[in-house]
Structure formats: C-alpha cells, structure tokens
Amino acid sequence: MRFFELIAIATLLAIFSFSVLSTTAHAQLGEVAGEPTFYVNISGTYSYNYTFINQGSTPIPFKVIITNFRTTAKNATEPIVTASPMSGTIPPNSQIKVRTNVYLPAKNNTPGMRWQGVLEVVVNSTSSSTGGAVIDEGVAKIVTIVATAPKPNYIVEILITLAIAIIVVGVAALAYIRKSKKPAKSARQRTESKTKTARRRAATSSKRSSARRKAGTKKRSRASAKGRKKAAPRRKKGSSSRR
Amino acid sequence: MNIVETRLRSFFAIMASLLVVSGTLALALGSVAFATTTSNVTANVAVESVCYIGLSTNAISFGSLYPTAQHADNVIVTDSDPNGNAAANVIVFGGNWISGLNSFGVSNTTWSATSSNTFLTTNPLTTSTNPTTTGITIATPTTSANDPSNSIYFGLNVPGAIPAGTYTQTIVVENSC
C-alpha cells in the first residue's frame with residue numbers, strides 16, 4: 001500500500017509541477033488599448049510609439065507587419081508607414097515600444113482624405129505542422145491616417161531669405177569695394193598730376209627765369225652798348241679838346 | 001504600638017505618594033518619548049487598458065484529403081484575452097499552402113465565427129497585407145471572469161490537379177484593442 005501511495009503522491013506532484021511550469025513559462029503578448037488616428041500634414045511626417053507587452057516569463061521573438069493603407073479616395077497616394085524595430089525579442093515581464101513613422105506624399109492627396117491599415121506584432125513561432133496549419137498569435141493595431149493641410153515650408157522660406165540677404169550683402173560689398181578702389185586711383189592720379197604740375201611749374205618758372213635772365217643780359221648789353229655810344233662822343237669831345 | 005503604627009502609616013503614605021508621583025512622571029515621559037505622529041501618503045496608479053492573446057492551439061490539421069475535397073469549417077481555435085481589461089477584436093490572415101515547390105492559394109482556407117458542417121466560401125482567408133477583421137470579439141475580462149474567450153473555425157478546399165504532398169500553411173490570429 002505504501003508503495004502505491006508514494007507513486008500516487010509522486011504522480012500528483014509531477015502533474016502539479018508540470019501544470020505550474022506550463023502556466024508560468026507561458027509567453028503572453030499584449031498591447032495597450034486604443035485605435036489611434038494620425039492627423040498628418042500633406043508632405044509631412046508623424047511619429048508615434050506603440051507599446052507591446054510580454055506578460056509571461058519567457059521571451060517573445062516578434063516581427064512587425066505593416067499592411068497596405070487603403071482609402072476610398074480615387075488616385076490618392078498611399079502614406080508611407082515604417083516601423084522600428086521591425087523584429088526583435090520582448091524580454092519576460094516587460095514591454096517594448098515600436099516607433100512608427102508616417103510620411104504622407106503630396107501627389108493627388110488633399111486634406112480630409114482617410115486611410116486605414118493595420119500594424120501587427122506577430123510572435124515568431126517555433127512550432128511546425130506537417131499536413132496542416134501552424135497557428136501563430138499576434139496583436140494588431142488598426143491605424144487611421146487623416147490628411148491635413150500642408151505646413152508652410154519654413155526651411156525653404158528661410159533659405160530664400162538667406163539667399164536674398166547674401167545677394168544684397170554681396171552686391172553692397174562689391175559696390176563698396178569699387179567705390180573704395182576709385183578714390184585710391186584718383187589720389188595716385190592726384191599726386192601724379194600734382195607732381196606733373198609741379199614739374200611743369202618748375203619748368204615754366206625756370207624758363208621764365210632763364211628768359212628773364214636772358215632778357216636781363218640783353219637789356220644789360222643794350223644798356224652797356226648805349227653807354228658805350230654815349231661815352232664815345234665824350235671821348236671825342238675830350239679828344240677834340242685835347243686837340 | 002501607636003507610635004509604630006503611625007510611623008508605618010506615614011511610611012506607607014509617603015511610599016504611596018512617591019509611587020503616584022513616579023507613575024505620573026513615567027506616564028508623562030512615556031507620552032513624550034513614544035509620541036506617535038500620523039501622516040498620510042497618497043498613492044496613485046494609472047492602470048492602462050490592455051488586451052492579451054492566448055490561443056488554445058498552435059497547430060491544426062485537416063487530415064488527408066484528395067484534390068477537390070473540402071473540409072468543413074469546424075476546426076476550432078479558441079482565442080482568449082487572459083488577464084487583460086479591454087475587449088479584443090479578432091483579426092486573421094494567412095499564407096499560401098506550401099509543399100516544397102508546389103503551392104496553392106491562401107483563400108482556399110476559410111474561417112467562420114460558428115462551427116459549420118460544410119465548407120463555407122464566404123470568408124476566405126486573406127494575406128498579411130490585407131488582414132480580415134472577423135467581427136469576432138472577445139469580451140472585456142472581469143475580476144470574476146478574467147480569461148474570456150471566443151472561437152474561430154477553419155475549413156479547407158483542396159484545389160483540383162495539385163500535386164500530391166504534405167502541404168503546410170501559417171495562419172495568424174490576432175487580438176486588437
């Protein structure tokens with residue numbers, strides 16, 4: 001009897017421990033509730049963090065799937081949705097944030113257009129099935145994107161303003177340089193002209209002085225000649241008297 | 001005797017008065033030394049709404065089938081929301097059936113919210129780029145029923161003229177809240 005009792009107790013203990021293991025070692029994927037709507041400017045971007053939870057005691061390897069974003073509007077350009085990370089492992093009893101970026105192209109899109117798609121986090125299962133289907137579990141987030149009017153592009157405006165300012169400053173600088181170069185030339189010219197005039201003046205004054213000198217010598221010679229002429233009769237008179 | 005009696009009485013009276021005084025002092029000191037002050041600490045917690053997923057099985061089998069044979073929509077998968085606090089909507093999608101280089105389309109598998117003895121073509125399985133919101137919901141878990149669940153049933157139509165082989169498919173069941 002004792003032997004059978006021991007076996008029964010051991011079996012019960014094994015079943016209990018197995019059940020405990022099977023419940024505690026179970027990975028459990030979850031997500032924070034809420035179906036968000038992103039209001040994205042046309043030609044603009046929008047970012048959002050999704051929180052996914054592993055409530056279990058084993059890590060969950062996962063992959064992210066982003067579906068097509070559909071709209072009822074014709075010829076509309078689908079938003080470009082990316083997520084990071086696209087795969088990874090959620091540690092036990094913790095959570096992970098998946099950053100989602102949305103870019104809404106401008107082509108054929110107008111404010112008010114709506115798109116709907118799904119962001120999925122699926123467990124990378126290791127289970128396999130031959131002749132059947134493997135059932136993987138995951139959590140999904142239905143995302144709605146609404147187009148809003150494009151934001152004015154301040155960067156372009158700033159760049160244009162900067163370019164205009166640079167052009168204006170450049171033109172002003174050129175004008176200033178030209179102006180500042182011209183007076184320098186004229187000063188040189190002035191000095192040159194001054195020296196030239198000084199030389200001319202000097203030349204003219206020397207000519208004049210030589211002329212005057214010449215004139216003076218002429219006068220003086222004339223005067224001496226006259227003096228000689230006048231003195232001659234005197235001599236004649238004297239000579240005659242002498243005679 | 002009277003003198004002794006009176007002295008004893010006075011002694012006891014002094015002792016009693018000393019006891020009273022010391023007791024009063026002890027009480028006063030005790031009240032000062034062991035005075036307790038009470039202050040309140042306000043604790044806050046924001047409990048977020050979450051939903052989880054728990055599936056009853058990770059693999060289903062449709063057995064051995066001939067080309068053009070149909071398996072009724074009665075292969076059950078139970079989807080639960082254990083320990084969550086928000087209701088969940090069930091989304092499904094899948095991949096093609098593959099056997100080596102041979103394959104047939106995902107839409108040959110159908111899903112249904114109810115068990116059916118016939119193969120229903122109304123809800124063919126779609127691919128991951130276009131998952132299907134089934135309309136099957138899992139109720140909000142409560143403290144008394146913290147693991148609500150619901151069922152989704154699968155069936156299969158084997159196309160004609162496909163090569164014999166062991167085909168496998170991946171079906172993804174998701175909870176969304």
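The exercises below work through a predicted model of two chains, A and B.

**Exercise 1. Confidence and make-up**

Find the mean pLDDT of chain B, and describe which elements chain A has.

*Solution.* Begin with the confidence values: the mean pLDDT of chain B is 88, and 84% of its residues reach 70 or more. For the complex, the predictor gives an ipTM of 0.75 and a pTM of 0.65. Turn next to chain A, which has two helices and nine strands, and whose elements, read from the N terminus on, follow the order α-β-β-β-β-β-β-β-β-β-α. Then consider how chain A is packed: 19% of its 243 residues count as buried, and among its contacts between residues at least 6 apart in sequence, 76% join residues at least 24 apart.

**Exercise 2. A sheet with strands from both chains**

Trace the order of the strands in the open sheet of eight strands, and explain why one side of each edge strand is left without a neighbour.

*Solution.* Write down the order, which is S5(A)-S7(A)-S3(A)-S1(A)-S1(B)-S3(B)-S9(B)-S7(B), with antiparallel pairing. Now look at the edges, where strand S5 (80-84) of chain A and strand S7 (109-112) of chain B each have a single partner strand, so one side of each has no neighbour in the sheet. On average, neighbouring strands of this sheet are turned by 30 degrees against each other, direction ignored. As a detail, take the pairing of S1(B) with strand S3 (residues 70-80) of chain B, which is antiparallel and runs over two bridges; here Gly54(B) has Ser80(B) in S3(B) as its bridge partner.

**Exercise 3. Where the chains touch**

Determine how many residues of chain B are in contact with chain A, and which element of chain B gives the largest share of that side.

*Solution.* Start with the count: 36 residues of chain B are in contact with 30 residues of chain A. The elements of chain B that give two or more residues to this side are strand S1 (50-55), strand S2 (59-61) and strand S10 (169-176), and the largest share, eight residues, comes from S10(B). Sorted by class, the side of chain B that touches chain A has 18 nonpolar, 16 polar and two charged residues. Finally, follow a pairing between the chains: S9(A) and S2(B) pair in the antiparallel sense over three bridges, and Gly132(A) stands opposite Ser61(B) in S2(B).

**Exercise 4. The core and two of the residues in chain B**

Decide whether Phe154(B) is buried or exposed, and name the residues that touch the most other members of the largest nonpolar core.

*Solution.* Locate Phe154(B), which lies in strand S9 (residues 149-157) of chain B. Because Phe154(B) has 27 C-beta neighbours inside 10 Å, and 20 or more are needed, Phe154(B) counts as buried. Its C-alpha atom is separated by 5.0 Å from that of Val75(B), although the two residues are 79 residues apart along the chain. Leaving aside neighbours within four places in sequence, the contacts of Phe154(B) include Ile60(B), Val75(B), Trp111(B) and Ile171(B).

Now widen the view to the largest nonpolar core, which has 52 residues; Leu29(A), Phe52(A), Val121(A), Val92(B), Ile171(B) and Val173(B) touch the most other members. The largest share of this core, eight residues, comes from strand S9 (residues 132-148) of chain A. Take Val173(B) as the last step: not counting residues up to four places away in sequence, Val173(B) touches Ile135(A) and Glu137(A), and also residues of chain B, among them Leu55(B), Val77(B) and Val92(B).

Note on methods
Residues are numbered from 1 along each chain as its sequence is written. Chains are lettered from A and ligands numbered from 1 in the order in which they are written. This is a predicted model: local features need pLDDT of at least 70, side-chain atom pairs count only at pLDDT 80 or more; totals for chains, interfaces and linings use all residues. A nonpolar core is a set of buried Ala, Val, Leu, Ile, Met, Phe, Trp, Tyr and Cys residues joined through C-beta atoms within 7 Å. A residue is buried if 20 or more other C-beta atoms lie within 10 Å of its own, exposed if 12 or fewer, and partly exposed in between; C-beta atoms are placed from the backbone. Helices (H or I, at least four residues) and strands (E, at least two) are DSSP runs, numbered from the N terminus. Two residues are in contact if their C-beta atoms, placed from the backbone, lie within 7 Å. Ala, Val, Leu, Ile, Met, Phe, Trp, Tyr, Cys and Pro count as nonpolar, Asp, Glu, Lys and Arg as charged, and the others, Gly among them, as polar. Two strands pair if DSSP finds at least two bridges between them. pLDDT is the predictor's confidence in each residue, from 0 to 100. Axes are lines fitted to C-alpha atoms, for helices over the stretch in contact, and angles run from 0 to 180 degrees between N-to-C directions.
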